[in-house]
Amino acid sequence: MRLSPTVLSIWHSVSGLLATSQIEKDRTKGCVVGLWKTEAFYSDLGLVYADEPAVIIDEIDDPSFSPYQKTVNKPGIYVFEMKLENRKCLMDLPVAPTQPKKVSTKSLEDLVGEINEICKTFRKKDGFLNFKGIHKQNILENLYHFDGPTMDEIKFSRGKNFWKTEGAQIPKCEKRSAKKLSYEEFRHSYVERNKPVIITDAAEHWKAFSLWSKKYFLEKLDAAKIHVKLGESGVFEGPEVRNLWHDAAKNKLPEKLTEKLQFPDLVMARPGHVQLEINKIFDLFQTTLKDPVEESWTSAYIEYTPMKSSNAFAILKPDVPEIKKYFHELELHHQNIWIGDGQTLGKMHFDEFENGLIMIKGSKQFLLYDPRDNRNLYEGHIPEAKFEIEEEYGEYKLIRNGLQESTSMVMAPVNVLDPDYVKFPLFKNSKPMNCTVGPGEMLFLPSYWWHEVQSFPDLDEHLNIAVNFWYEPFFSKEFPCATCPLDINPKYFDLL
Ligand SMILES: *[C@@H]1O[C@H](CO)[C@@H](O)[C@H](O)[C@H]1NC(C)=O
């Protein structure tokens, strides 16, 4: 039997010969099960995997065109796992071929079991989904879909200590009390649905609420050098025009790259950073409200800062223990601390983590967009730029000099508070949700949700403090890929 043209091109892409073929762009997951000089189980496998898009069964009639000629030598059944296209790299690197796995041909049951294992499928030998497969399918069909007014109907503005809308109101996210929310319900209704929720009293036992103050930090952190980010007028990591950067003429993008970028005229401005003692950082914090429209200033923000044994913040960990009740089944990656003056704005991005964020002082308004269709958010690669810092008599100035070769893959190129609908017409259709967390509250921010975050200070010390926990995501998603759906992260298959 000859390979059909489709199978042939998939075969080529599996074997690394046609790394950038259209087929591979459309189908980046799954397996080809190839039978070499054997008829055994051919028709059985065809039936078992007839409804399984991730597995293609075919006879190999001539393996000599593939780089596997040395490995496909004995008659038998070989499983070729399809390599994911390397979306993270913009260069046309060929996809490295995977080694085929020769599978047992003792019984159909064993064979199906082995193929399921390699191809991450859940078929029984009668072709139906097994119990885990049905559970997985139910979860993916039951994902939360947020609905509400579109950006087109909402008018935003950011001013002195406010973030407001004229026009339609933005729907608020759900709030629950920990006293009435069991772990089972949390997992089923929020984690497995990829749905945000605020739990109002999940961290009541934390000592941080009574202990943490400027004085306490000065004592505990003392002279330790702390990594602090510096951003312009409170904005951290936003999209900007490339030509605003002094080195734009010198650092032109190679043409090959320009062709691949959706918006080659934009860069993602990353904050600069310095290492300072906590008292110096507090000196940089604003204690009066600034007007981001009328004024410009350099803001300091301890953000995305891991609390780990190698840095000063480890000493504060006993004050903010993990919320085990809700997260004991997920794998913890990082615990981060966020300390600012409550006048910072984190621009729209998503994280590849399940996130539990607990507000300690001040509040944060999260503007969220669900990741069901990221075309509206223009998910893609955006070249990065990093502010250079100039210090003079303890004053820090940010200089736009520092275009990078790297790209960001998790930031939106749209400025959500002032969208350019000519450039980003689809953004009009996107629907924001407002999740505002105050002291003591925990936001469960599911993986891949886009978020723009405005902080507000507390009244007595003008501080904004939060701690968050990042967990291995329950879902997986290829990115940047605006249309790739969520799937279950294979690391959690044992939870199905
Ligand atoms: C979001 O909700 C908070 C309170 O829950 C409200 O104070 C704020 O004005 C809302 N923000 C927007 C932009 O609608």
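**Helix, strands and ligand shell**

Trainee: Which elements do the buried residues of H6 pack against?

Mentor: This is a predicted model, in which local features need pLDDT of at least 70 and side-chain atom pairs count only at pLDDT 80 or more, while totals for chains, interfaces and linings use all residues. Residues are numbered from 1 along each chain as its sequence is written. Helices (H or I, at least four residues) and strands (E, at least two) are DSSP runs, numbered from the N terminus, and two residues are in contact if their C-beta atoms, placed from the backbone, lie within 7 Å. The buried residues of H6 pack against E8, helix H11 (324-327), E17 and E24.

Trainee: Within what arc do the buried residues of H6 fall?

Mentor: A residue is buried if 20 or more other C-beta atoms lie within 10 Å of its own, exposed if 12 or fewer, and partly exposed in between, with C-beta atoms placed from the backbone. In H6 (residues 183-191), Phe186, Tyr190 and Val191 are buried. They line one face of the helix, because the directions from the helix axis to their C-beta atoms fall within an arc of 75°. On the other side of H6 are the exposed Glu184 and Glu185, so the arc asked for, that of the buried face, is 75°.

Trainee: Which residue of E24 is the bridge partner of Ile198?

Mentor: Two strands pair if DSSP finds at least two bridges between them. E8 (residues 197-199) runs antiparallel to E24, joined by three bridges. The partner of Ile198 there is Leu443.

Trainee: Which residue of E17 stands opposite Leu445?

Mentor: E17 (residues 354-361) also pairs with E24, antiparallel, over four bridges. In a regular strand the side chains alternate between the two faces of the sheet. In E24 (residues 442-445) both faces are covered: Met442 and Phe444 are buried on one side, Leu443 and Leu445 on the other. Opposite Leu445 stands Asn355.

Trainee: Which strand gives the most to the shell around the ligand?

Mentor: The shell consists of Trp163, Lys164, Thr165, Ile170, Lys172, Gln365, Asn434 and Thr436; a residue is near a molecule or strand if its C-beta atom, placed from the backbone, lies within 6 Å of it. Strands E6 (162-167) and E23 (433-437) each supply at least two of these residues. The strand giving the most, with three residues, is E6.

Trainee: How many residues of the shell are charged?

Mentor: Ala, Val, Leu, Ile, Met, Phe, Trp, Tyr, Cys and Pro count as nonpolar, Asp, Glu, Lys and Arg as charged, and the others, Gly among them, as polar. The shell has two nonpolar residues and four polar ones, and the number of charged residues is two.
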